[in-house]
Amino acid sequence: MGRKLIFGLFAMVLVASMVVVSGQALAAEKKKEPPKQYIPLFAYRTGPFQAGGSGQAGGNEDWYTLVNIKGGLNGVMIEFEECETGYNTARGVECYERVKSKNPVHIQPWSTAVAYALIERATKDKIPLSTIGYGRADASDGTVFKYVFPLVTNYWSLSTAKIRYIAQVEGGLEKLKGLKIANLHLDHPYGRETRFILEIMAKKFGFEVKHFPVPWPGIDQKSIFLNIRRFKPDWIINRNWGVSCTVPIREAARIGFPRDRMLAVWWCGSEEDVMPAGPAAKGYLATSFHGVGKDFPVIQEILEKVHHTGKGNISYGRVGSALYNKGIIQGILTTEAILTAQKKFGNRPITGEEMQYGLENLNITKERIKELGAEGLMPPVKTSCRNHEGFDLMLVQQWDGNKWVQVSGWIEPFKDLVRAEIEKSAGKYAKEKGITPRKCE
Amino acid sequence: MLYRECGVFKSTYAEDMAIFPLPLDKWGMGILLIVAFLVIPMTADRYLLTSIMIPFLIYSLSTLGLNILTGYSGQLSLGHAAFMAVGAYTAFNLSARLDLPILLCFLGGGLMSAAIGSLFGIPSVRIKGFYLIVATLAAQFTIEWVITHWAWVSGENVLGAIDTPPMEILGRSIDTPVEKYLLTLVVVIVLTIFAKNLVRGKIGRAWMSIRDKAVASEIIGVSQFRYKLLAFSVSSFYAGVAGALIAFCHLGCVQVTEFELLLSFWILGMVIIGGMGSILGSFLGAGFMVLLPIYINRVVRMMAGVVPSDILTNLELMIFGGLIIFFLIVEPYGLARLWLIIKGKLRLWPIPY
């Protein structure tokens, strides 16, 4: 009897949910509203990296909400929708297929693995793939990767910029000679990706780089730090992720390695990474591609118009955190690209193919940034058919025990060196895939 | 009444040995195949094919492999995802470097995986249960490590990702979702029939005897070494082919992180939820674990705007977890057993006595 009851209830719930789903589908077709600009968000609020996924999604959504409050993009309202990937590639691909029919303006997978899986599909479907700050580094070559935009920066550029920053602190590029740098990286495709570019730099400037792979998930790194202590590095590059970002800070404190000689990749430079380390994190350095804190007019405006009216998409305390600010920049880049495309194609919702034009002809000048209220939050961006990266400057931020403080100006990577590697790698990809690189200009 | 078993007389050995002796089952399967081969390709949209049907079929195949090992032979394994990775990377190398026909690549991926699987199956001769889990866990970590560190296997890609070359069968390129779906379907059906025949023949009976009482089966002359390793190699073969299908027909570009330990647990979960020692159970279990989260996600999304999105997304996990517990309490022997019970009821329905 009890079992029958349970099954009956279960069947009823199932049927009810199906009715709801189909009812919603029908209702959606009946609705007649002015067309909206549909932007999907591949967030991940579950899984091991949910801190990263939710922070960026929150920033993005807050920005779009603000744009809508201010009247949309030339009257076109933004409709954003989350699709949960849980940082799982298969779910990411499922999300892509789900949103594809809704004419997404671009796809931001927030996961390097999902980005890799989508490159070919998105190119075929003519939907741009914006991988802002991550993803396939050699996709910066627009002649081969027409629909992929690793805007802002990529891992290779970032790594060379790290070396330039180290040189700045040490007092010049010639001082790099003889330095010992430990590259502490997750033993994972993402972590290993920058090994070769650091080796090239080491050969060029005469410093010594030694790689210390951290086995996944990197909760225990005691033995690695034993080896690091033996190596006696001058600098440690922290290229981890999630919980494995925090562990090295504590371990460094234990062996007495100065935290202000630890330079982290931007994934390891969020509040969520340093807070758990407590006072040990004081002085810890991290790279980023945006200003820190919430003292920017644009964020103040969001606080006032979005959060104070109860429309916020993230808890109030996380506004202005590192990942949140990344979300804001990603949002700004998206809407600016849509505006660029609108200039050419008219003030209406933009298709993916038109967005490709928008992303490729992005030109966010200093004046425009000031107008947006994002001065200091982001540097100017200018993309072209050949260069899909736009800008590749980076900032260094330091944890003062309570908050991030910006400690450097915009630092340039070794552009020519990175560009040569990008073209080499993209050329190899084109050859494998039988792509003829398109002509630019 | 609906499901009649009486009145079916078997007059030849062939009829007696048929997979589906009942006309009703035969017709049902025929209709299912017509739906799978004709109706779905003609009516389904791209989303249904690429995100629902293809992963469902591939994970069913992989689950079937583990079911042979765990359900039929009673050997626990947590290295299944790694064997899938071996299949994927081998098939990629065969296709990209040697330019072999795609079906041969799948076969090669399966065979390579079978070879490595039987290597890691050797400890099973001496140990069983939890101890064997630990030994197969070693397979998971070793294989992941080798693929990450040996750049050659991933074609020297910086990220260790394999980007599959275009597929072709007899000069015809397999490119659209429908073609990929049909290719997956054919591979899965062929291997399912093979598995069905394997488990109801001599080998299957030997496996089941090992599962039920290893000592007794050894006494009656079943070689533990041979049959346990055979179970490992067949199981890994299925995993390898499934891995190759994921790389070529589903994702198109995979990293080794795709095949991490978590996936091994998931596939073990599919076996348990679907039903140990059941071919049908493999499909039901894969359907449950692959499709239900997507379905719940879509239902839960309806509440977007009302419920904050962070609660919304975690709701999916909560409901899914609750359902797993629910099904295991209601039917500890898996969904396949549930199907047996339904069949039993239909035998008498609508006039039960």
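In this predicted model, 14 residues of domain 1 of chain A are in contact with 17 residues of domain 2 of chain A. As for what sits on the domain 1 side of chain A, α2 (50-69) and α12 (322-345) of chain A each put in at least two of the residues that touch domain 2 of chain A. The largest share there belongs to α2(A), with three residues. Sorted by class, that side of domain 1 of chain A holds seven nonpolar and seven polar residues, and no charged ones turn up.

Where do the two domains of chain A begin and end? Both are pieced together from two segments: domain 1 covers 34-153 + 293-383, while domain 2 covers 155-288 + 394-414. Centre to centre, going by C-alpha atoms, domain 1 of chain A and domain 2 of chain A are 28 Å apart.

Next comes the sheet of chain A. It's an open one, built from seven strands with mixed pairing, and the order reads β6-β5-β7-β8-β9-β12-β13 (chain A). At its edges are β6 (208-214) and β13 (404-406) of chain A; each has just a single partner strand, so one side of each goes without a neighbour in the sheet. On average, and ignoring direction, neighbouring strands of this sheet are turned by 25 degrees against each other.

Zooming in on the β13(A) edge, how is this strand tied to β12 of chain A? Strand β12 (residues 395-399) of chain A runs antiparallel to β13(A), and three bridges join the pair. As for individual residues, Gln397(A) has Gln406(A) in β13(A) as its bridge partner. Elsewhere on the sheet, helix α9 (residues 243-255) of chain A lies across four strands of chain A, namely β5 (180-186), β6, β7 (235-239) and β8 (262-264). Relative to β7(A), helix α9 of chain A runs at about 155 degrees.

Over to chain B, which has 14 helices and four strands. How does its radius of gyration stack up against the globule rule? The radius of gyration of chain B comes out at 21 Å, close to the 20 Å that the rule gives for 353 residues, so chain B is as compact as a globular protein of that length. Along the principal axes, the C-alpha atoms of chain B fill a box of roughly 70 × 60 × 45 Å. Of the 353 residues in chain B, 46% are buried. Then there's the contact pattern: taking contacts in chain B between residues at least 6 apart in sequence, 75% link residues at least 24 apart.

Terms used: Residues numbered from 1 in each chain as written. Chains lettered and ligands numbered in written order. Predicted model: local features only at pLDDT ≥ 70, side-chain atom pairs only at ≥ 80, totals over all residues. Pairing = 2+ DSSP bridges. Axes fitted to C-alpha atoms, helices over the stretch in contact; angles between N-to-C directions. Contact = placed C-beta atoms within 7 Å. Domains from an automatic or database assignment. Nonpolar A, V, L, I, M, F, W, Y, C, P; charged D, E, K, R; others polar. Rg over C-alpha atoms; globule rule 2.2 N^0.38 Å. Buried ≥ 20, exposed ≤ 12 C-beta atoms within 10 Å, placed from the backbone.
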